[in-house]
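Work through the following exercises with the sequence and the coordinates at hand. Each task is followed by a solution that goes step by step.

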Amino acid sequence: MSEAVLDSEAGSVPATSGVVEDWSRDKQVFGVPWGKAMMWIFLVSDTFIFSCFLVGYMSVRISTTDPWPIPSEVFALSFGGDPIPLVLIAIMTFILITSSGTMALAVNMGYRKDRKKTFWLMVSTAALGASFVGMQAFEWSKLIIDEGVRPWVNPMGATQFGSSFFMITGFHGLHVSAGVIYLLVIAFRVKNGFYERRGGNYEIVEITGLYWHFVDLVWVFIFAFFYLW
Amino acid sequence: MSYAAIADRDHEREHHEPQTFITKYIWSQDHKVIAIQYGITAIFVGLIALGLSVMMRLQLGFPNEFAFINPENYYQFITMHGMIMVIYLLTALFLGGFGNYLIPLMCGSRDMVFPYMNMLSYWVYLLSVIVLLISFFVPGGSTGAGWTLYPPQAILPGTPGKDLGIVLMLGSLALFIVAFTMGGLNYVTTVLQARCKGMTLMRLPLSVWGIFIATILGLLAFPALLVSAVMMLFDKLLGTSFFMPAISSMGIDPGYTGGSPILFQHLFWFFGHPEVYIVALPAFGLVSDLLSTHARKNIFGYRMMVWAIIAIGGLSFIVWAHHMYVSGMNPYFGFFFATTTLIIAVPTAIKVYNWVLTLWQGNIHLRVPMLFAIGFIFTFIHGGLTGLFLGNVTIDMPLSDTYFVVAHFHMVMGVSPIMVVFGAIYHWWPKISGKMYNETLGKWHFWMTFLGTYAIYLPMHYLGFQGVPRRYYAMGNTEFLPESAQALNASITMAALLVAVAQILFFINIIWSLVKGPKSDPNPWDATTLEWQTPDHPPKHGNWGDKLPVVYRWAYDYSVPGYKDDFIPQNVPPDEAPAGREHGVKH
């Protein structure tokens with residue numbers, strides 16, 4: 001940190017006095033803009049929300065007395081031949097992780113002030129996110145219409161399977177949908193020069209990216225705990 | 001640093017003075033106005049909760065005398081009293097009220113980092129309060145499940161308000177959490193990133209430290225409440241079975257199967273125990289500043305006070321199941337949670353000793369804020385010690401769900417924080433309004449409240465030992481209770497009525513002060529912290545006029561030898577005043 005530290009007496013703190021001293025010296029604890037710091041703190045809080053959902057799901061999965069359906073059989077799709085387990089989920093996961101890649105590129109292009117490329121990369125991130133939500137809708141409809149699973153009833157076994165599934169993937173899907181809207185708003189602002197008028201600072205692309213990567217990371221945990229367990 | 005320079009410039013550019021009445025006082029983005037909005041709303045619902053407790057006491061003191069209180073109402077009164085007091089009054093007042101008012105002023109900032117979001121925070125909070133109040137008037141009334149809202153009973157027939165009441169309650173909580181998150185992100189980011197020059201973290205007044213750590217606790221604990229509220233709403237509205245086991249309710253199978261009621265208790269108390277400290281830590285911080293200022297002494301052991309706040313905050317996340325010793329969970333859990341619970345007593349005791357040692361040989365001015373601060377030390381030690389009893393599994397078993405528990409938590413997180421709330425309002429009232437309050441009325445208010453609350457809660461410990469269960473509408477013919485228990489209940493009710501009436505003195509004082517009170521000095525208590533050094537009194541939008549303050553010393557330079565005054569404000573440069581005893585080290 002280059003901000004001058006104002007001491008009541010010059011140079012009284014030796015460099016050896018540790019991390020706490022360093023962090024507490026300056027006007028700012030983290031050398032980042034306010035919005036970015038706030039997004040990080042929000043994501044920590046949101047992590048606790050998803051953790052509670054997942055812990056709740058694991059807890060009811062243990063406590064229920066009815067058998068738990070086997071996810072690799074439930075989430076299998078057949079393309080003419082034998083059903084392939086988890087194929088749709090694999091594609092969805094691939095798409096979401098790809099969208100993290102385009103997002104990272106968008107952040108880079110944002111810092112290079114290449115507004116056009118930033119715009120298109122953010123729009124493609126949003127498109128990948130939207131297709132993820134679309135496939136999730138397909139998966140939901142398959143489960144609801146073909147298998148007869150509802151939050152309150154499950155012909156394949158424990159009712160908690162349907163309740164947890166719809167609740168957790170639904171909450172995550174809402175996060176993705178919100179992210180798509182967020183991405184599009186920022187992308188169009190980048191395109192129409194909104195940030196040029198505000199000093200040409202494209203930190204906001206990275207802040208949006210933080211949220212988007214977080215949503216992807218959460219999906220990895222949902223994938224591991226719900227589909228692979 | 002380029003980031004800071006840009007951030008500072010942006011921030012100042014956005015601070016143009018609002019022109020119309022509506023942008024100045026209603027849709028205001030000024031942290032001070034938002035703080036007052038939060039404060040007024042919180043105190044308003046708090047008065048409703050006070051009224052509910054009076055109704056409960058009337059029934060308990062004089063059973064069957066009041067025909068308008070039936071068992072259903074009684075449970076609704078209990079539930080709404082607890083919920084409003086803990087969340088809508090104390091959490092909102094400490095963080096939304098004092099947090100909003102004091103953080104930017106004490107850190108030397110112009111406002112919160114995102115004022116627009118700060119404004120939204122208040123309006124969503126107001127919405128949550130409105131939803132809460134609507135639940136009183138829906139068919140079936142508000143929920144009567146107890147403030148802990150335990151399933152299965154919370155959503156099954158037999159509990160008042162099991163339909164719309166509980167749904168609105170959970171919805172209101174979810175809104176409150178959204179509001180709190182928007183405000184809380186602001187408070188944390190402001191403390192971390194927007195302090196003025198020279199204001200290092202270890203120079204922050206303890207008020208800011210307490211509110212800061214409490215806000216972090218809130219951001220990490222409220223998610224558990226949000227999740228349990230969502231899951232219970234699904235159980236109620238969609239018929240899922242997260243918390244609902246296979247159960248027969250009044251001879252009918254409601255169709256639930258295989259859920260876990262204990263899961264709700266774990267989730268609820270993972271929120272619920274940090275919530276105790278969300279209320280307590282701001283009180284700890286504020287009272288430290290009150291004691292130091294009015295004893296004209298630096299706070300004893302500032303560094304330890306900060307670390308104790310952090311340690312208590314951290315530990316508060318691993319003690320939650322001490323609320324669940326009788327829930328039927330694995331007894332080995334009890335061993336773990338009793339140990340962590342008792343460990344919390346160590347940093348808490350450090351704080352109490354340091355408060356007392358701050359008073360030791362101080363030049364104590366027994367003004368109204370100081371009286372409330374010292375009253376807090378009494379009630380907090382009292383409630384804290386009974387907490388040690390209840391933290392032990394074997395002692396908790398017989399005392400659980402008796403009036404001993406009621407006495408304990410009212411002393412430690414009811415009366416104690418309220419003492420600080422009053423002390424802090426009296427202390428900062430001159431800054432908020434620019435007027436002085438009436439000292440005599442304030443002293444009457446303190447003594448009636450302080451002695452009155454002891455008259456209420458001390459006998460409750462005894463009732464608890466006798467085995468009087470909490471949450472009962474009436475005792476009926478309970479053989480193990482002597483008749484004198486009823487006499488005691490009647491006397492508690494009389495004391496409670498007295499305390500409730502005494503609060504009128506507070507409001508008379510506020511109104512008197514606003515209408516006829518003398519103008520106050522900009523710094524009536526000769527305090528060192530930045531909020532008393534503002535160029536305008538009361539501070540205007542943007543707080544600091546043209547130039548942000550620069551801080552050269554910690555917040556507790558009182559009675560420094562060799563200086564003309566017995567206090568040196570934080571923004572006095574070292575060439576104008578001697579270096580004080582920053583962190584207890586004599587330079």
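**Exercise 1.** Determine which residues B:F372 touches, leaving out those up to four places away in sequence, and place B:F372 in the nonpolar core.

*Solution.* In this predicted model, B:F372 touches B:M419, B:V420, B:F422, B:G423, B:Y426 and B:F446, once residues up to four places away in sequence are set aside. The next step is to turn to the largest nonpolar core, which has 231 residues, and in which B:V208 and B:F372 are the residues with the most contacts. Helix α4 of chain B, residues 71-107, supplies the largest share of this core, namely 24 residues.

**Exercise 2.** Is A:V176 buried or exposed, and which residues does A:V176 touch beyond those up to four places away in sequence?

*Solution.* Begin with the location: A:V176 belongs to helix α6 of chain A. A residue is buried if 20 or more other C-beta atoms lie within 10 Å of its own, and A:V176 has 23 C-beta neighbours inside 10 Å, so A:V176 counts as buried. Leaving out residues up to four places away in sequence, A:V176 touches A:G129, A:F132, A:V133 and A:V215. A:Y227, by comparison, is 51 residues from A:V176 in sequence, with a C-alpha to C-alpha separation of 19 Å.

**Exercise 3.** Check the span of α6(A) against the value expected at 1.5 Å a residue, and find what phi A:G193 takes just after this helix.

*Solution.* The 33 residues of α6(A) should span 48 Å at 1.5 Å a residue, because the expected span is 1.5 Å times one less than the number of residues. The end C-alpha atoms of α6(A) are 48 Å apart, which agrees. Just after α6(A), A:G193 takes a positive phi of about 85°. As for confidence, α6(A) has the highest mean pLDDT among the elements of chain A, 96, whereas α1(A) has the lowest, 63. Over residues 1-16 of chain A the pLDDT is below 50, and this stretch has 25 contacts in the model beyond near neighbours in sequence.

**Exercise 4.** Describe the side of chain A that touches chain B, by element and by residue class.

*Solution.* The contact takes 41 residues from chain A and 48 residues from chain B. On the side of chain A, the elements that give two or more residues are α1, α2 and α6, and α2(A) provides the largest share, 14 residues. Sorted by class, this side of chain A has 20 nonpolar, 16 polar and five charged residues. Helix α2 of chain A also holds A:F50, which counts as buried because it has 22 C-beta neighbours inside 10 Å. A:F50 and A:M167 are 117 residues apart in sequence, yet 11 Å apart in space, C-alpha to C-alpha.

**Exercise 5.** Locate the residues A:K113 and B:D401, which have a positive phi although neither is a glycine, and then locate the cis peptide bonds that lead to B:P152 and B:P538.

*Solution.* A:K113, with a phi of about 60°, is found in the loop between α4 and α5 of chain A; because 13 other C-beta atoms lie within 10 Å, A:K113 is partly exposed. B:D401, also with a phi of about 60°, lies in the loop between α12 and α13 of chain B, and its 15 C-beta neighbours inside 10 Å are why B:D401 counts as partly exposed. Turning to the peptide bonds, the one from B:P151 to B:P152 is cis, with omega near 0°, and B:P152 is found in the loop between α5 and α6 of chain B. The bond from B:H537 to B:P538 is cis, with omega near -5°, and B:P538 is found in the segment after α15 of chain B.

Terms used: Residues numbered from 1 in each chain as written. Chains lettered and ligands numbered in written order. Predicted model: local features only at pLDDT ≥ 70, side-chain atom pairs only at ≥ 80, totals over all residues. Contact = placed C-beta atoms within 7 Å. Helix = DSSP H or I, 4+ residues; strand = E, 2+ residues; numbered from the N terminus. Nonpolar A, V, L, I, M, F, W, Y, C, P; charged D, E, K, R; others polar. Core = buried A, V, L, I, M, F, W, Y, C linked by C-beta atoms within 7 Å. Buried ≥ 20, exposed ≤ 12 C-beta atoms within 10 Å, placed from the backbone. pLDDT = per-residue confidence, 0-100.
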